[in-house]
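Here are some short exercises to work through with the structure open beside you. Try each task yourself before you read the solution.

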Amino acid sequence: MASTRMKLINLLENNRAEYISGQELSNQLDISRTAVWKHMKQLELDGYQIEAAPRKGYRIISNPDKVSQNTLQWGLETKWMGKHLHHYDQVNSTQDIGHELAKEGAPHGTVIVADEQLKGKGRKARSWHSKKGEGIWMSIILRPDLAPVQAPQITLLAATVLAQVLAVEGDVEPQIKWPNDLLIDHKKVSGILTEMQAEQDHIQYIVIGIGMNVNQDGSKFPDDIRYKASSLKESTGHAWDITKLIQKILKKFEHTYEVFLKEGFKPIKLTWEHYGYRIDETVTISTMKKKWKATLVGIEADGALQIRNEDGSHEKLYSAEIEWGEGGYHA
Ligand code: BTX
């Protein structure tokens, strides 16, 4: 069903200037003319404007601005990422659906997108503000052939993907705040949540959740995050096409993942450090036991933050509070 629709969209898109007759479509798709008509009605529900002229046929007048499985898959230039794609108007959390589908055997590269989340999740049981149509609320199911200890590499990889898409598409200067926040001008534009199901030495699946603020006006954020959250629209001064942005992220993700499989973690580490927030700068760090000043050096393959203490010694941090400094991000 889905592939007939994709073929139909392709035929219509490639002949935008002309009409294609119902008979021609029925021949090319090898379905009845009634089935063609039913597909047209479905496309209209997806937001395509289609002109049906007697004796001439059908023609697309305008593409939908709403996000749907069809619009996301049309023009998606990937080999495996998003080939199985589920779109919902409203969910509690795309992560929950990701886990359900993964348990039912959904393949590597399955993508879940929602227009709105009622219970968007952040890390450590925090919540993620995900209002209707204002951002990208998406989860990706991955089945990497990795040991569970390597899972943080996938999260770091995802952060580099988002940073590069923002830098290239948005022409902004994103930074990655350890471990996984994407900041623009010190404000959080995007967050990543990685959840996994694993055996002792093998990952069964990872559900990687990506939240990106796209079209919010700054004043739309709730009071408690307004001072530290921003959106792509806020940074660039104009609204963005969410469908196209998702397609760019999926394509870049697929490419980066393949580079990772071929070349290992090194290229990811270098890209992460290129975008790393406050890298080579001195910050104040505190743990349960102490508080001290150190310089941020980079990341390690296990996801740790590498720091240099004032006495020149190097140390790996897995969790710590960081004071990001004057004019910096406020946690
Ligand atoms: P985090 O724990 O690093 O960030 C959560 C914190 O960020 C919140 O406590 C709040 O202070 C702040 N915050 C909440 N919403 C926003 C927002 N829209 N923009 C900026 N700051 C915010 C980061 O967790 C991981 C977020 C992943 C979200 C995706 S969306 C798709 C998928 N489904 C799902 O339920 N979660 C993931």
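**Exercise 1.** Find which nitrogen or oxygen contacts the ligand's nitrogen atoms make with Asn 213, Thr 94 and His 129 in this predicted model.

*Solution.* Step 1: start at Asn 213, where an N or O atom of the side chain is 2.8 Å from a nitrogen atom of the ligand. Step 2: go to Thr 94, which has a polar side-chain atom 3.0 Å from a ligand nitrogen. Step 3: at His 129, look at the backbone instead, since an N or O atom there lies 2.9 Å from a nitrogen atom of the ligand. Step 4: compare with the cut-off for a polar contact, which is 3.5 Å. Step 5: now look at cover; on its own the ligand has 780 Å² of accessible area, and the protein covers 95% of it.

**Exercise 2.** Describe the shell around the ligand by class and by element.

*Solution.* Step 1: sort the residues by class, which gives eight nonpolar, 13 polar and six charged ones. Step 2: look for elements that supply at least two shell residues each; these include helix H5 (94-103) and strand E9 (203-213). Step 3: pick out the nearest of the 27 residues, namely Ser 93, Lys 121, Arg 123, Arg 126 and Asn 213.

**Exercise 3.** Work out which strands stand at the edges of the sheet E13-E12-E11-E10-E14, and why one side of each has no neighbour.

*Solution.* Step 1: read the order of this open, antiparallel sheet of five strands. Step 2: E13 (314-317) and E14 (321-323) each have a single partner strand, so one side of each lacks a neighbour in the sheet. Step 3: check one pairing: E12 (305-309) joins E13 through four antiparallel bridges, and Leu 305 has Leu 317 as its bridge partner.

Methods. Residues numbered from 1 in each chain as written. Predicted model: local features only at pLDDT ≥ 70, side-chain atom pairs only at ≥ 80, totals over all residues. Heavy atoms only, no water. Near = heavy atom within 4 Å. Polar contact = N/O pair within 3.5 Å; in protein donor to acceptor, adjacent residues only side chain to side chain. Areas by Shrake-Rupley, 256 points an atom, 1.4 Å probe, with all protein chains shown as cover. Nonpolar A, V, L, I, M, F, W, Y, C, P; charged D, E, K, R; others polar. Pairing = 2+ DSSP bridges.
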